[in-house]
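User: Could you walk me through how to read a helix crossing here?

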Amino acid sequence: MLDEFKKIEQELRNIEEEFYMRIKGLEAMRGCITPLYNIYESGDELIITADMPGTNKEEIDLTVGEDYLKIEAPCRSPARRTREGKYMLHVRLPVEIEPESVKARYKDGVLEVIAKKKIRGVKIRVE
Amino acid sequence: MSEVLEGEIVKIIELEPIREGVIIIEGFPDVGLVGTIAASFLIEKLQMSDIGYIESDALPPLISVKNGKILDIVRMYGRNNIVVFLSEIPIPLPIIRPLSQKIIEWAISRKAKMIVSLTGMPEPGRLNIDVPKVYVLGSNEKISKDALKINGVEAFTDGYITGVKGMILRESIKRDFNALLVLSQAHFNYPDPGSAAEILKYLSKLLSIEIDVKPLLESAEELKLRLRDLMRRTSQAMQDVQKSRELELPAVYL
């Protein structure tokens with residue numbers, strides 16, 4: 001039983017390592033950086049944040065559709081071993097949004113995108 | 001001098017003798033890498049030297065090379081009466097408990113004064129906060145009371161503490177050792193130098209040492225980029241210890 005657990009644990013570690021290798025490989029190949037990002041729902045809004053230090057708001061290219069979000073931006077950093085590259089993030093959204101409702105701001109190296117969720121169906125008043 | 005404290009899974013290797021009465025600072029990777037950033041900054045500013053390391057078969061076979069010097073990935077630094085524990089990797093789940101136990105056992109055997117764990121407190125609205133709040137939680141009433149004497153801090157009263165930080169606190173209570181957890185509001189899984197700066201401001205008052213956090217804030221962007229990979233791996237490790245529970249309140253009626 002213990003051996004089985006260890007085997008599963010090792011397999012999970014291998015999958016995780018493969019994931020990191022792929023990300024790093026892709027970043028090296030494309031010369032772009034995949035930002036760390038979060039998506040969460042808050043009431044009727046969908047909030048997406050992406051950690052993108054070293055860029056400025058005027059150069060962030062943000063495109064949204066009903067079910068996707070695409071971010072491209074230059075990334076400049078004086079950090080050792082970090083070459084000048086660009087951020088690229090393409091995310092499939094978990095729920096559909098109203099693209100014209102989207103608001104975005106860039107603060108302390110974090111991009112925040114707030115969108116209204118698309119409401120399907122009819123609202124019923126409970127009596 | 002080399003001294004080994006034998007343990008089942010984890011060993012603490014001292015490269016130099018540790019004096020009595022030291023204050024131990026723990027900055028293992030966690031929420032927003034707040035503890036790691038603060039501890040690293042402290043090591044640099046106080047020009048601390050490496051005085052030991054952690055050995056365990058459960059750690060990945062990995063060494064770090066800096067300026068041609070070979071280093072272990074979980075290390076101890078020291079100067080005067082401060083010892084800092086630092087790790088370049090998130091602490092793997094299987095050794096969280098034994099490592100926490102070993103650190104406290106070691107601290108008691110070396111007659112350390114106390115251990116201070118540094119960490120971030122996950123705050124979903126962090127982007128709207130310019131100056132993160134600092135919270136403290138002591139292993140006993142006296143430690144909490146003393147920690148709260150410093151202006152601007154609040155007591156951590158309700159919530160969950162997972163991972164090494166929680167286990168160190170638990171072990172300290174069990175063994176009647178002085179431990180203090182210092183938390184600062186932070187991004188959950190983005191490196192947060194701004195939050196680390198608040199912790200350092202608090203530490204400078206607690207330990208009566210001068211720490212100018214301006215250089216840290218000035219290099220925040222570079223730091224965030226450099227720490228991106230560690231943050232990514234730490235996020236994964238935080239899932240293993242159910243770190244998202246720190247966003248929850250404990251069940252009141254249980």
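Analyst: Sure, starting with α2(B) and α4(B): they're oblique to each other, a label for angles that aren't under 35 degrees (roughly parallel), over 145 (roughly antiparallel) or 65 to 115 (roughly perpendicular). This is a predicted model, where local features need pLDDT of at least 70, side-chain atom pairs count only at pLDDT 80 or more, and totals for chains, interfaces and linings use all residues. Residues are numbered from 1 along each chain as its sequence is written, with chains lettered from A and ligands numbered from 1 in the order in which they are written.

User: At what angle do the axes of α2 and α4 of chain B cross?

Analyst: Axes are lines fitted to C-alpha atoms, over the stretch in contact for helices, with angles from 0 to 180 degrees between N-to-C directions. Those of α2 (residues 96-109) and α4 (residues 163-174) of chain B cross at roughly 45° and come within 9 Å.

User: Which residues of α2(B) and α4(B) meet?

Analyst: Contact means C-beta atoms, placed from the backbone, within 7 Å. Among those in α2(B) are B:I96, B:L99 and B:I103, and α4(B) brings residues including B:V164, B:M167 and B:I168.

User: Is α1(B) mostly covered or exposed?

Analyst: A residue is buried if 20 or more other C-beta atoms lie within 10 Å of its own, exposed if 12 or fewer, and partly exposed in between. α1(B) is mostly covered, with ten of its twelve residues buried, including B:F41 and B:L42. Just after α1(B) comes B:Q47, with a positive phi near 50°.

User: And how many residues of chain A touch chain B?

Analyst: 15 residues of chain A are in contact with 13 of chain B.

Technical notes: Two residues are in contact if their C-beta atoms, placed from the backbone, lie within 7 Å. Helices (H or I, at least four residues) and strands (E, at least two) are DSSP runs, numbered from the N terminus.
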